[in-house]
Amino acid sequence: MTTTTELAVSASGLVKTFGDFTAVDGIDLEIRRGEVFGVLGPNGAGKTTTLKMLATLLPIDAGKAEIFGVDVKAHPHQVRQLVGVTGQYASVDENLTATENLVLFGRLLGMSGKDARAASEELLESFGLQEAAKRQISKFSGGMRRRLDLAASLLSRPPLIFLDEPTTGLDPRTRGQMWDTIRTLVAGGSTVLLTTQYLDEADQLADRIAVIDRGVKVAEGTSEELKTSVGNSTLHLRLSDKAQVATAAAVVEKVTGERPVLTPEAGGVNVPLADADRAADVLIGLRHAGISITTANVQQPTLDEVFLALTGHGTENPENPDRTDIRTDIRTEEVA
Amino acid sequence: MAALISTYAVADRPLKTHPGVGETIAQTFTMARRALIKMMRNPEQFFDVTIQPLLFTAMFAYIFGGAISGDVKAYLPTIITGILAQTALTASMARGTQLREDMDKGVFDRFKALPIARIAPLAGPAVADLLRYGIAATLTILVGLLMGYRPGGGVGGVLAGWALTIFAGWSLSWIFTWLGTVLKTAGGVQGLGMMIMFPLTFLSPAFVPKETMPSWLQHFVDVNPVTLVINATRDLMNAGDLTLSVVWALVGCVVVVAIFAPISVWSYSKKL
């Protein structure tokens, strides 16, 4: 039995309405100290709204939230001393240089000018930004802004860090760097609440994941648990001889006990798998039946499939993970 | 890196329930420094406090001087003090639009999330703006002197009028700060600001004697805070007298701040 203060975040029945629209409709969250907790959901699911309520950035309409046992509604000033927030859009001052930004935030946190400059120098070095220290942020790339933003959140060494979609809009390389930074952070003992639209990001970083849809929590668990609950990996096969599709289907059904989904025009056989190990059995079965294949690959469920399974509807999200690269290009252009 | 971004145990940090007065002042000055850096990087912010006093002082003096006071020189004691109040008001109006624009930027999210006094992000730029009011007041007085204005209040009187103008600008800026926290767009703040600025400026003895207006209008002129400031500035600069008008002007300014500073902070924190 965990007491409240052993939890970094304890929220129950959180509600936020904007006019007629209920953005968050009774969400419960319990985040243990030292864990990375992922909140996964499509755009408009209520992830950012939930996080903003916990960070005192939005008033809580109903429900109760505590950060390390401190009531968010009653003691916002105390909560702000415990939480570092890195927003979806970099919350740093465009017209100031990286150093000026960090010194500004350091001074606001009560550091002396000397301490603030030292902390700023140290953080910029850790985040590989020291060469950009004297440049105005308006000349920074998207990835650099995010890193500076995260650096700014760490000035006060908060025990709890909120990361709101830390890699949305970043190119794959910068995204990887951001992930490394977050891992380092966690190794240092921080508790992290992370929101994301990407299943693989939650998978890579989070110990536990809550799936949120239309302001409601629809599932919670480790990434393994979630994937198992959603089902399955899928084995995508393409046969050398399209005429063998029916034979192959029969073989697969015999091995797995389930009917594969066929695309006969392309010679495709898609096999749902209870677990990925079964792929080998299917392939061996086909070999024995003398059916040759041109390609085979096993795919994890996508966020779309997780959503479909959990909510009965798709993400209805134009920004699905497959389109990351396209969107990244658009963002990078904006920055350049 | 690991050592640097490690975090303190929660138990190690005593949590403050609210920011103290000393902290609030320090945070306000830190915010003022930020505003000053931005001002220096964006010299457009000085247009209204440099070009406008130069232009309006010369223009109004030469246009209205003959008609109102017989000749330009006789009009100067009226128009210089009037323009002082007008520029203080227009310069303070910019506070609202700039705050609105600033609040739409990401950095305000961080200010809101930091454990700092809620008034600091509002009061900081207002303190930095003292520089703008100072420039506007200085230029107006200098142009007047060049045009032949010889203030009867002497150096002391002029300095007192100069200081009162700056204080009035700072006080009135809280009205526009409040508008900035209430309205949704910078354009809206600008538009409404104009609608406030024009009646306050022109329904005052800034440019013409009050007695030339219809009597029903004179009632408004009498309670207009800008009138209080103009009367006080005239007493100080043209006569060198510390009159009751000066006291009333100071009281008026303090009342404006006492009303609009708290409701600005309230509306800003509510809007989070």
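Here are some worked exercises on a predicted model with chains A and B.

**Exercise 1. The make-up of chain B**

Task: Find how many helices and strands chain B has, and what pattern they follow along the sequence.

Solution:
- Start with the count: chain B holds 11 helices and zero strands.
- Next, read from one end of the sequence to the other, which gives α-α-α-α-α-α-α-α-α-α-α.
- Now turn to dimensions: the C-alpha trace of chain B covers about 80 × 35 × 35 Å along its principal axes.
- For burial, 46% of the 272 residues in chain B count as buried.
- Finally, take the contacts in chain B with a separation of 6 or more: 79% of them come from residues 24 or more positions apart.

**Exercise 2. Where the chains meet**

Task: Work out how many residues each chain gives to the contact, and which element supplies the largest share of the side of chain B that touches chain A.

Solution:
- Count each side: chain B contributes 32 residues and chain A contributes 41 residues.
- On the chain B side, the elements that give two or more residues are α1 (21-41) and α4 (107-113) of chain B.
- The largest share of that side is from α1(B), with seven residues.
- Sorted by character, the chain B side that touches chain A has 15 nonpolar, seven polar and 10 charged residues.

**Exercise 3. Building the sheet of chain A**

Task: Establish in what order the four strands of the open sheet in chain A are arranged, and why one side of β2 and of β5 is left without a neighbour.

Solution:
- Lay out the order: the open sheet reads β2-β1-β4-β5 in chain A, with antiparallel pairing.
- Look at the edges: β2 (21-32) and β5 (70-71) of chain A each have a single partner strand, so one side of each has no neighbour in the sheet.
- As a reminder, strands of a sheet pair through backbone hydrogen bonds, either parallel or antiparallel.
- Follow the pair of β1 (residues 7-18) and β2 in chain A: nine bridges join these antiparallel strands.
- Place some partners: Leu7(A) stands opposite Arg32(A) of β2(A), while Lys16(A) has Val24(A) in β2(A) as its bridge partner.
- Check the turn: the hairpin of β1(A) and β2(A) has two residues between the strands, and Gly19(A) takes a positive phi near 65° there.
- Move to the next pair: β1(A) and β4(A) are joined in the antiparallel sense by five bridges, and Val15(A) has Ala62(A) in β4(A) as its bridge partner.
- Add the helix: α1 (residues 47-54) of chain A lies across β1, β2 and β4 (62-67) of chain A, at about 120° to β1(A).

**Exercise 4. Domains of chain A and one glycine**

Task: Locate the two domains of chain A, then decide whether Gly285(A) is buried, partly exposed or exposed.

Solution:
- Set the bounds: domain 1 of chain A takes in 4-95 + 136-228, and domain 2 takes in 232-299.
- Between the C-alpha centres of these two domains of chain A there is a distance of 41 Å.
- Find the glycine: Gly285(A) is part of helix α10 (residues 278-288) of chain A.
- Apply the cut-off: buried needs 20 or more C-beta neighbours within 10 Å, and exposed means 12 or fewer. Gly285(A) has 17 inside 10 Å, so it counts as partly exposed.
- List its contacts: leaving out residues up to four places away in sequence, Gly285(A) touches Val251(A), Lys254(A) and Val255(A).
- Compare with another glycine: Gly26(A) is 259 residues from Gly285(A) in sequence, and their C-alpha atoms are 49 Å apart in space.

Notes:
Residues numbered from 1 in each chain as written. Chains lettered and ligands numbered in written order. Predicted model: local features only at pLDDT ≥ 70, side-chain atom pairs only at ≥ 80, totals over all residues. Contact = placed C-beta atoms within 7 Å. Domains from an automatic or database assignment. Nonpolar A, V, L, I, M, F, W, Y, C, P; charged D, E, K, R; others polar. Pairing = 2+ DSSP bridges. Axes fitted to C-alpha atoms, helices over the stretch in contact; angles between N-to-C directions.
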